[in-house]
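Reader: I'm new to this one, could you walk me through how its helices pack?
Author: Gladly, let's have it in front of us.

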Amino acid sequence: MERAKQLMEMVAKYESLIYDTADYIWKNPETGYREWKTSAYMEEHFEALGYTLTKAGNIPGFYADLDTGRPGPKIAILGELDSLIVGNHPDADPETHAVHACGHNAQCAILLGVAAAMKEPGALDGLCGSIRFMAVPAEELIELGFREELRKQGVIRYFGGKVEFISRGYFDGVDMAMMIHSGKLPEGKTLSVSQGCNGCITKNITFKGVASHAGGSPEAGKNALYAATCGLNAVNAIRETFVDSEHIRFHPIITEGGAAVNAIPETAKVESYVRGASFDSIRDYNKKVNLALAGAAASLGCNVELDDHPGYFPLNNDANMTEILTEAMEAVTGPGTVTRGSWGTGCTDMGDVSAIMPAIHPHASGSIGTGHGKDYYVADKKAGCLYPAQCLTVAASMFLENDAARAKKVLAEAKPYFKSKDEYLAAIDNLTMDKDAVIYNEDGTVTLDFCQR
């Protein structure tokens, strides 16, 4: 407890910096892969603390290592840079409609607070190994069109920032990873740790028909909008086959439904995810969804282009790390202040990190309103920023003290889904697909081709 108290005081020394960071980033929101101002702010302050940065270069974000000088595990501590688009939020940017309605501004403040405290004299006493601080872009899966542009230009391979960082080798040599997300918890609770949450596939779906005069010759057309609505109804018709424990979610929006009311729509576009609690369930239920979409298109003589990309892997919070973060937060805020949450049906690319190493992504208190909504704020910065920074600082010490005994226990007992980064990347790459799913054969038969590689 004495060691924890010392570390908490080291973090508290930077309370003003932590709150100023949260406020600055709140006032300057930027969406995924556009966080240049946010990244520059964080870079400036990290460099002022004496850190040497490895910058991502053609995308925002960076990492910085802090070595104890003694061999041992490497722990990554993460913070996310990006905001959301919530145009009706009072604090949304008037031009971009961006706002930190998920609290990533608090994550940046937490990350900087831990990095500052760990530079204090005595912070690394008795520790071995090293810490990698990572400021990561693009956690929120929004602006898929912009991300697709970047992918086609060769700027990124993956839509999610942590997935992209993994592919670039920025997690190479890291043994385990942790971060704390802001949230809204029951009164008296300061941290919530669940088993994990869903992963997802991202889907851009283009129904293709034939245009004709809607009044004069509708029989000459093939209505892509009707094919789209039939496809969505077909998926709705199979929802009762979705097994409850797999937490499957399909939530489409129609982004284009025709160019003119007087013309049979030639093109209709739909965006959606297929979410699920396991990699296997996401892959298998996505095939069922694609069959429903392709069959509906074929029933109207249309086609459908299925453009699927890996979104996020399901998050599985490591059980041993859960115990240590519970102990660390209770050292900060007292016994009984940590609660265990249920399985979450949202997604995060921290799940991709958990696919290849032990990882944890709990939620802190301090927020009000609805996440991703017009009334969301980190109202209590002590609970949402300071306490989590103290928790992660204390936890890092717990992992790396005593010849990293507790970190070594985590590593010995962890069972990530994949044995290596290469195996993981190959598996998610196999989710990628971009093809017309209906093949009209010369003999009049129809073939459906709706599976990934």
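Author: One term to begin with: a crossing is left-handed if the near helix is turned anticlockwise from the far one by less than a right angle, and right-handed if clockwise. Helices (H or I, at least four residues) and strands (E, at least two) are DSSP runs, numbered from the N terminus. This is a predicted model, where local features need pLDDT of at least 70 and side-chain atom pairs count only at pLDDT 80 or more, while totals for chains, interfaces and linings use all residues. Residues are numbered from 1 along each chain as its sequence is written, and side-chain values use heavy atoms, with hydrogens and water left out.

Reader: OK, what is the handedness of the crossing of helix 7 and helix 8?
Author: The crossing of helix 7 and helix 8 is right-handed.

Reader: And which residues in helix 7 and helix 8 meet there?
Author: Ala227, Cys230, Gly231, Leu232, Ala234 and Val235 of helix 7 meet Val289, Ala292, Leu293, Ala296 and Ala297 of helix 8, contact being heavy atoms within 4.5 Å.

Reader: Switching topic, which residues are buried in helix 12?
Author: In helix 12, residues 421-429, the buried ones (under 20% relative accessible area, 1.4 Å probe, protein chains only) are Tyr424, Leu425, Ala427, Ile428 and Asp429.

Reader: What do they pack against?
Author: The buried residues of helix 12 pack against helix 6 (161-167), helix 8 (279-299), strand 14 (303-312) and helix 10 (350-354).

Reader: Last thing, what is Met178 in contact with, beyond its neighbours within four places in sequence?
Author: Its contacts there include Ile75, Leu78, Met321, Leu392 and Phe399.

Notes:
Buried < 20%, exposed > 50% of the residue type's maximum accessible area, 1.4 Å probe, protein only.
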